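Here are a few exercises to work through with the coordinates open. Try each task before you read its solution.

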Amino acid sequence: MPLNLETALQDTTVVTLARDGIGLLSAWMTVGIGVAFVVILIVLLLVLSELRLLSRTWATFLNTTAERSVPLVEHANNAARNLDRITEVVRSEVDRFDGAVGEVADDIGRASAEVKRRVADLSALVDLAQSEAEDAVLDAAAAVRMLRQGTALLRGRGEPADEDTEEPPVASEDS
C-alpha cells in the first residue's frame, strides 16, 4: 500500500447529509429575513432623515409665523383693550342714565301724589263753595219771599200771597 501524501495528510473524513426541501427553505428564509431587515433599516434611516428635514422646515415656518404674527397680536390686544374701555364707558353711562330715570320716576310719582292731594283739596273746596252758594241763594230767595210777603201785608192785601202762584225772584241788573 503505497502511502499517498494526500491520504496521509487527511486524517478526518466529514460526512454531510444531503439537504432536504425544508432545510433548504429554512436557510433561504433566514437569508431573506436578513436582507429584509437590512432593507427596512435603510428605509427607516431614510424616513428619519426626511422627518428631521421636515421638522427643521416646520420649525422655521413656525418661527417665521410667530415673528410675523407679533404685530397682529399686538393690534388685536389693543382692539380688545379699546373695546373693553368702550364697554366700561357705555356701562357707566347706562348706569348713570338708569339712575337719572329712576330719580325722574320718583319725582313724577311724588308730583303725581301732590297733584292728587291738591285736586282732592280743590274738589273739597269747590264742594264747600257750591254748598255755601246754594245756601246763600236759598237764603236770598227766602229773604225775597219774606220781603214780598211783608210788602204785600203793608199794601193792605191782607193775606200773604200763595207761594205756588208767586213768581220766582228775578235778579236785577243793578245788583
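Helices here are DSSP runs of H or I that cover at least four residues, numbered from the N terminus. One more thing before you start: this is a predicted model.

**Exercise 1. Get your bearings**

Task: Find how many helices and strands the protein has, and what share of its residues is buried.

Solution:
- Step 1: Go through the secondary structure, and you get two helices and zero strands.
- Step 2: Helix 2 is the one to keep on screen, as it spans residues 21-155.
- Step 3: Now for burial, where the cut-off is under 20% relative accessible area. Of the 175 residues in the protein, 2% come out as buried.
- Step 4: Add up the accessible surface of the protein and you land at about 16,100 Å², with 64% of that belonging to carbon and sulfur atoms.

**Exercise 2. Track down the aromatic pair**

Task: Work out which residues form the aromatic pair, and whether it is stacked or edge-to-face.

Solution:
- Step 1: A search for paired rings gives one aromatic pair in the structure.
- Step 2: The partners are Trp-58 and Phe-61, with ring centres 5.5 Å apart and 90° between the planes.
- Step 3: Planes over 60 degrees apart count as edge-to-face, so Trp-58 and Phe-61 go into that class.
- Step 4: Check the spacing along the chain. Trp-58 and Phe-61 sit three residues apart in helix 2, so about one helical turn separates them.
- Step 5: What about solvent? Trp-58 has a relative accessible area of 47%, which makes it partly exposed. Phe-61 is also at 47% and counts as partly exposed.

**Exercise 3. Go through some salt bridges**

Task: Find how many salt bridges the structure has, then look at the pairs that involve Arg-85, Glu-93 and Glu-114.

Solution:
- Step 1: Recall the principle: side chains of opposite charge can pair when their charged atoms come close.
- Step 2: Searching the whole structure turns up six salt bridges. The N to O cut-off is within 4 Å.
- Step 3: Start with Arg-85 and Glu-88, whose closest N and O atoms are 3.8 Å apart. Both lie in helix 2, three residues or about one turn apart. Arg-85 is exposed at 51% relative accessible area, while Glu-88 is partly exposed at 39%.
- Step 4: Next, Glu-93 bridges to Arg-96 with closest N and O atoms 2.8 Å apart. These two are again three residues apart in helix 2, about one helical turn. Glu-93 is partly exposed at 39%, and Arg-96 is exposed at 58%.
- Step 5: Then take Glu-114 and Arg-117, which meet at 2.4 Å, N to O. They share helix 2 and lie three residues apart, about one turn of the helix.
- Step 6: Glu-114 is partly exposed at 29%, and Arg-117 is partly exposed at 43%. Salt bridges with shared partners tie Glu-114, Arg-117, Arg-118 and Asp-121 into one network.

**Exercise 4. Spot the negative patch**

Task: Find which residues form a negative surface patch, and decide whether Glu-132 is buried, partly exposed or exposed.

Solution:
- Step 1: Look for acidic side chains on the surface, and you find a negative patch made of Glu-132, Glu-134, Asp-135 and Asp-139.
- Step 2: Place Glu-132 in the fold: it is found in helix 2.
- Step 3: Glu-132 has 46% relative accessibility, so it counts as partly exposed.

Methods
Residues numbered from 1 in each chain as written. Predicted model: local features only at pLDDT ≥ 70, side-chain atom pairs only at ≥ 80, totals over all residues. Heavy atoms only, no water. Patch = residues over 30% accessible without salt bridge, like charges linked within 9 Å, V, L, I, M, F, W, Y side chains within 5 Å. Areas by Shrake-Rupley, 256 points an atom, 1.4 Å probe, with all protein chains shown as cover. Lys, Arg positive; Asp, Glu negative; His and termini not counted. Charge placed at Lys NZ, Arg CZ, Asp CG, Glu CD. Buried < 20%, exposed > 50% of the residue type's maximum accessible area, 1.4 Å probe, protein only. Phe/Tyr/Trp six-rings, centres within 6.5 Å; stacked < 30°, edge-to-face > 60°.
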